[in-house]
Structure formats: C-alpha cells, structure tokens
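Q: Please take a close look at a single part of this structure, namely the open sheet and its surroundings. A connected account is preferred to a list.

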Amino acid sequence: MKALKYISILALALIELVSCEKPPQEIVISSISLNQTSASLKVGETVTLTATVKPDDATNKTVTWSTSDASASVATVENGVVTAKMIGTATITAKAGDKTATCAITVTSSVTGKHEGTSEEDW
C-alpha cells in the first residue's frame, strides 16, 4: 500500500512537471524607423510620422514620441502627428524599447508670396 502511495505521488509530480509550460520569451525590438527622416512645414501645417518597429512579433511595440524643442514652441508631436507652431527647427524622436529614430523638422513662414510684415505695395 505504501509503494502504491509513493508511485501515485511520483506519477502526479511527473504529470505536473511535464505539463508545465515555459513562460513566453520576450522578443526584443531590433530596430525602429520612420516613414520620413526630414520634413519642411509651414506654420500651422501638420505631418503624420509613422513608426515601423521590427521584428513584427516584438513583445512590446509601444512607441513614445518627443520633440527636441523643450518649450514646444516650434513643433509639437502627439502620437506621430507633428504640428508646426513657429519658424525654427526641431528634431522629432520616436522611441521603442531602447531603439530610436528621428525626423528633422524645419518650420517656415505660413505667408506665401510676400514678406511677413510688409504689404505688396512695399515691394
């Protein structure tokens, strides 16, 4: 009877051991890229940047966006949508894991065909 009890315990332990699944392994990000590496916008315009994270089956493909323009007076970015605020330059960065990709943004005047602050009569 004792032998049967030990065999049963051993059998249960083996079943438990065999049925244990290994936890899924994290698939790390190997690269991130943007659909544009530079863009020129006029004040008030927007451009949508799209980030591609590789490999396709990476465990966590969350992308965070930031601008080098600390005061966000030249350009802002939210979920990849860059909005030109005033004349100047800024670098937009997309980060996923420890990988980054950047896009250089140049913002120019929204006025076309004349100089800001002047009328056509002044030309």
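A: The account below goes from the sheet to one residue of an edge strand, then to the nonpolar core and to a charged pair.

The model is a predicted one. Its open sheet consists of 4 strands in the order β2-β9-β8-β5, and the pairing is mixed. β2 and β5 (64–67) form the edges, each of them pairing on one side only. From one strand to the next, the twist averages 25 degrees. In general, the strands of a sheet pair through backbone hydrogen bonds, in either a parallel or an antiparallel sense. For β2 and β9 the sense is parallel, and their pairing extends over 5 bridges.

S38 offers a local view of this edge. The residue belongs to strand β2 and stands opposite A104 of β9. Leaving aside neighbours within four places in sequence, S38 is in contact with C103 and A104. The relative accessible area of S38 is 46%, so the residue counts as partly exposed, below the 50% over which a residue is called exposed. S38 and I92 are 54 residues apart along the chain, and their C-alpha atoms are separated by 9.3 Å.

The nonpolar core comes next. The largest such core has 22 residues, among which V82 and I105 touch the most other members. Two or more residues of this core come from each of β1 (31–34), β2 (38–42), β6 (75–78), β7 (81–84), β8 (88–96) and β9 (99–108). Strands β2, β8 and β9 of the open sheet are thus named among the contributors to the core. V82 itself has a list of contacts that, not counting residues up to four places away in sequence, comprises L41, E45, T46, V47, L49, A75, T76, V77, I92 and I105. I105, the other residue singled out in the core, is therefore also a direct contact of V82, given that contact means heavy atoms within 4.5 Å.

The charged pair remains to be described. A search of the whole structure finds 1 salt bridge. The side chains of K54 and D56 form a salt bridge, with an N to O distance of 3.3 Å. In general, side chains of opposite charge can pair when their charged atoms come close. The pair counts as a salt bridge because its 3.3 Å falls within the 4 Å limit. As to accessibility, K54 is partly exposed at a relative accessible area of 36%, whereas D56, at 56%, counts as exposed.

How values were computed: Residues are numbered from 1 along each chain as its sequence is written. This is a predicted model: local features need pLDDT of at least 70, side-chain atom pairs count only at pLDDT 80 or more; totals for chains, interfaces and linings use all residues. Side-chain values use heavy atoms; hydrogens and water are left out. A nonpolar core is a set of buried Ala, Val, Leu, Ile, Met, Phe, Trp, Tyr and Cys residues joined through side-chain atoms within 4.5 Å. Buried means under 20% relative accessible area, exposed over 50%, partly exposed in between (1.4 Å probe, protein chains only). Two strands pair if DSSP finds at least two bridges between them. Axes are lines fitted to C-alpha atoms, for helices over the stretch in contact, and angles run from 0 to 180 degrees between N-to-C directions.
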